[in-house]
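The following exercises are to be worked with the sequence and the coordinates at hand. Each task is followed by a solution in steps.

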Amino acid sequence: MSSVWQYLTLGLDREIFGIAIESVHETLDYRPPAALPQAPPFLVGMIDVRGQSYPVIDLRTKLGLPAIDVTPSTRIILLNIPMGAREMRVGFVADRVIEVAELDSAELEPAPDVGGRWRSTYIAGIGRRGEAFVVVFDLKALMAGDDPALLLPSLAA
C-alpha cells in the first residue's frame, strides 16, 4: 500500500531537493539576515519574523556548493524541525522554491552508498517528479552534521 506525502521542492544549482511539508512554516522573499559574529560559514545570520527569531542557513554553503549572488528567485524557507523533545526554528536560503509536490514514500529509493553525489546520511530518499530526481532531505541529520553534504565537486564550480 502506498502513502503519498507532500514535499516542498526547491532548487539549488541544478539539483531539486524536497523538504517534508510538515516541517515547513512558511516561505519568504529573501531579506538580508543580521550577521552573527564568529558564526560558522553556513550560518549567514538571524531574521525576525513577527517576533520570532530564526537563524538563517545558506543551504549552498551547508551542502558544499559554490556561493552565488542573491537573485529575485532566492527565498528563505522557515522550518520547524523536531529535534528530540524540542523543535528547532531555522531558515534555509534556497536558490528558488519550485512547488509543493506529492511523492509516494513507498517509491522513494534509498540514497546510493557508492558513487553518489550527496552524503547519504543527509538523505531520507530519492524520488521522481516527472523526469527529474528529487533528493529528500533528512532534516535532523542535516542539522546535526558538520560535514558538507556534497561528496563530489560541483560541475558548476
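Contact means heavy atoms within 4.5 Å. The model is predicted, so that local features need pLDDT of at least 70 and side-chain atom pairs count only at pLDDT 80 or more, while totals for chains, interfaces and linings use all residues. Residues are numbered from 1 along each chain as its sequence is written, and side-chain values use heavy atoms, with hydrogens and water left out.

**Exercise 1.** Determine the surroundings of Val-134.

Solution. Step 1: locate the residue. Val-134 belongs to strand E10; helices (H or I, at least four residues) and strands (E, at least two) are DSSP runs, numbered from the N terminus.

Step 2: classify its accessibility. Buried means under 20% relative accessible area, exposed over 50%, and partly exposed in between (1.4 Å probe, protein chains only). Val-134 has 1% relative accessibility and therefore counts as buried.

Step 3: list the contacts. Beyond neighbours within four places in sequence, Val-134 is in contact with Thr-9, Ile-16, Phe-17, Gly-18, Leu-103, Gly-125, Ile-126, Gly-127 and Arg-129.

Step 4: take one distance. The C-alpha atoms of Val-134 and Gly-11 are separated by 9.6 Å, with these positions 123 residues apart along the chain.

**Exercise 2.** Establish the strand order of the two sheets described here.

Solution. Step 1: fix the criterion. Two strands pair if DSSP finds at least two bridges between them.

Step 2: treat the sheet that contains E10. This open sheet of 5 strands runs E8-E1-E2-E10-E9 with mixed pairing. Strand E8 (96-104) and strand E9 (123-129) are its edges, each pairing on one side only. From one strand to the next, the twist averages 35°; axes are lines fitted to C-alpha atoms, for helices over the stretch in contact, and angles run from 0 to 180 degrees between N-to-C directions. Strand E1 (residues 4-12) and strand E2 (residues 15-20) are antiparallel, with 6 bridges, and Thr-9 has Gly-18 in E2 as its bridge partner.

Step 3: treat the sheet that contains E5. Its 5 strands form an open sheet in the order E3-E6-E7-E5-E4, again with mixed pairing. Here strand E3 (24-29) and strand E4 (43-49) are the edges. E4 and strand E5 (residues 52-58) pair in the antiparallel sense over 6 bridges, and Ile-47 has Tyr-54 in E5 as its bridge partner.

**Exercise 3.** Which elements give two or more residues to the largest nonpolar core?

Solution. Step 1: define the set. A nonpolar core is a set of buried Ala, Val, Leu, Ile, Met, Phe, Trp, Tyr and Cys residues joined through side-chain atoms within 4.5 Å.

Step 2: identify the members. The largest core has 26 residues, and Leu-10, Ile-19, Phe-92 and Phe-137 are among those with the most contacts inside it.

Step 3: assign the elements. They are E1, E2, helix H1 (59-63), strand E6 (75-83), strand E7 (86-94), E9, strand E10 (132-137) and helix H2 (139-144). E7 gives the most, with 4 residues.

Step 4: separate the other core. Leu-28, Ile-47, Leu-78 and Val-93 are included in a second, separate core of 8 residues.

**Exercise 4.** Characterise the aromatic pair.

Solution. Step 1: apply the cut-offs. Rings of Phe, Tyr and Trp (its six-membered ring) pair if their centres lie within 6.5 Å; planes under 30 degrees apart count as stacked, over 60 as edge-to-face and the rest as tilted. The structure holds 1 such pair.

Step 2: read the geometry. The ring centres of Phe-17 and Phe-137 are 4.8 Å apart and the planes are at 0°, so the pair is stacked.

Step 3: place the rings. Phe-17 lies in strand E2 and Phe-137 in strand E10, so the pair ties together parts 120 residues apart in sequence. Both Phe-17 and Phe-137 are buried.
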